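Work through the exercises below with the structure open. Try each task before you read its solution.

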Amino acid sequence: AEGVTHTAYAVAREKKRGLLAHLIKHNRWSQVLVFTRTKHGANKLAELLIKDGIEALAIHGNKSQSARTQALAKFKGGRVPVLVATDIAARGIDITELPHVVHFDLPNVPEDYVHRSGRTARAGALGDAVSLVCIDDRKLLTDIERLLKRQMPLQIIAGFEPDRQIRPEPIRLR
């Protein structure tokens, strides 16, 4: 989408959740759709955000249709600021003025990045697509940049710097 601002943050693998919580709190984001790679990851991230004092719900294919509908209604209605989703569960999410999409886990397929990011900046609105990139995600980011035909310089926030001594670990694909 034309109105999407793409931002990438380099972060230590074990500090991704902390950086996400920092961005939400520091920027006072009130409506954030966060994408994870797995159902278990979505559940765990939502639970940890709640422990950080941030209301969050998870939706994915293992949740019942009524649970997904209820979570989406709470998110759309502004009662829950963060919705953590897998790609499959997010396919039906259509929110007119969703300001923020966060790629907690970069997608394995670059085109999925476009679909995820397209959830924001709809109907001429502006929106942010934020990617949290640890050492394991560098190849995925390169693939996304190639598809977008643009580079996303990695920003670093003090306290969340990547550890340059760590070696990349393979990402388990679905």
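Three exercises follow, on the sheet, the helices and the pockets.

This is a predicted model, in which local features need pLDDT of at least 70, side-chain atom pairs count only at pLDDT 80 or more, and totals for chains, interfaces and linings use all residues. Residues are numbered from 1 along each chain as its sequence is written, and side-chain values use heavy atoms, with hydrogens and water left out.

**Exercise 1. The sheet**

Task: Give the strand order and explain what is special about β3 and β7.

Solution:
1. Fix the terms. Strands (E, at least two residues) and helices (H or I, at least four) are DSSP runs, numbered from the N terminus. Two strands pair if DSSP finds at least two bridges between them.
2. Read the order. The open sheet has 7 strands, β3-β4-β2-β5-β6-β1-β7, with parallel pairing.
3. Go to the edges. β3 (56–59) and β7 (154–155) each have a single partner strand, so one side of each is left without a neighbour in the sheet.
4. Check one pair. β3 and β4 (residues 82–85) are parallel over 4 bridges. Ala58 has Val84 in β4 as its bridge partner.

**Exercise 2. The helices**

Task: Find which strands α2 lies across, then list the buried residues of α1 and α6.

Solution:
1. Start with α2 (residues 39–51). This helix lies across β2 (32–35), β3 and β4, at about 175° to β3. Axes are lines fitted to C-alpha atoms, for helices over the stretch in contact; angles run from 0 to 180 degrees between N-to-C directions.
2. Take α1 (residues 16–26). Its buried residues (under 20% relative accessible area, 1.4 Å probe, protein chains only) are Lys16, Leu19, Leu20, Ala21, Leu23 and Ile24.
3. See what they pack against: β1, β2, α2, β4, β5 and β6. Contact means heavy atoms within 4.5 Å.
4. Move to α6 (residues 138–148). Here Leu140, Leu141, Asp143, Ile144 and Glu145 are buried. Their cover includes α5, β6 and β7.
5. Look past the helix ends. Arg28 follows α1 with a positive phi near 55°. Lys149 follows α6 with a positive phi near 60°.

**Exercise 3. The largest pocket**

Task: State the volume of the largest pocket and describe its lining.

Solution:
1. Define the pocket. On a 1 Å grid over the protein atoms alone, it is an open set of points where a 1.4 Å probe fits, with protein on both sides within 12 Å along at least five of seven lines; lining residues have an atom within 4 Å of a point.
2. Read the volume: about 740 Å³. This is the space filled by probe spheres set on the points.
3. Find the centre. Of the 21 lining residues, Arg13, Arg37, Gly41, Phe104 and Asp105 are the closest to it.
4. Name the main contributor. α2 gives the most, with 5 residues.
5. Sort by class. The lining has 6 nonpolar, 4 polar and 11 charged residues.

Methods: Buried means under 20% relative accessible area, exposed over 50%, partly exposed in between (1.4 Å probe, protein chains only). Ala, Val, Leu, Ile, Met, Phe, Trp, Tyr, Cys and Pro count as nonpolar, Asp, Glu, Lys and Arg as charged, and the others, Gly among them, as polar.
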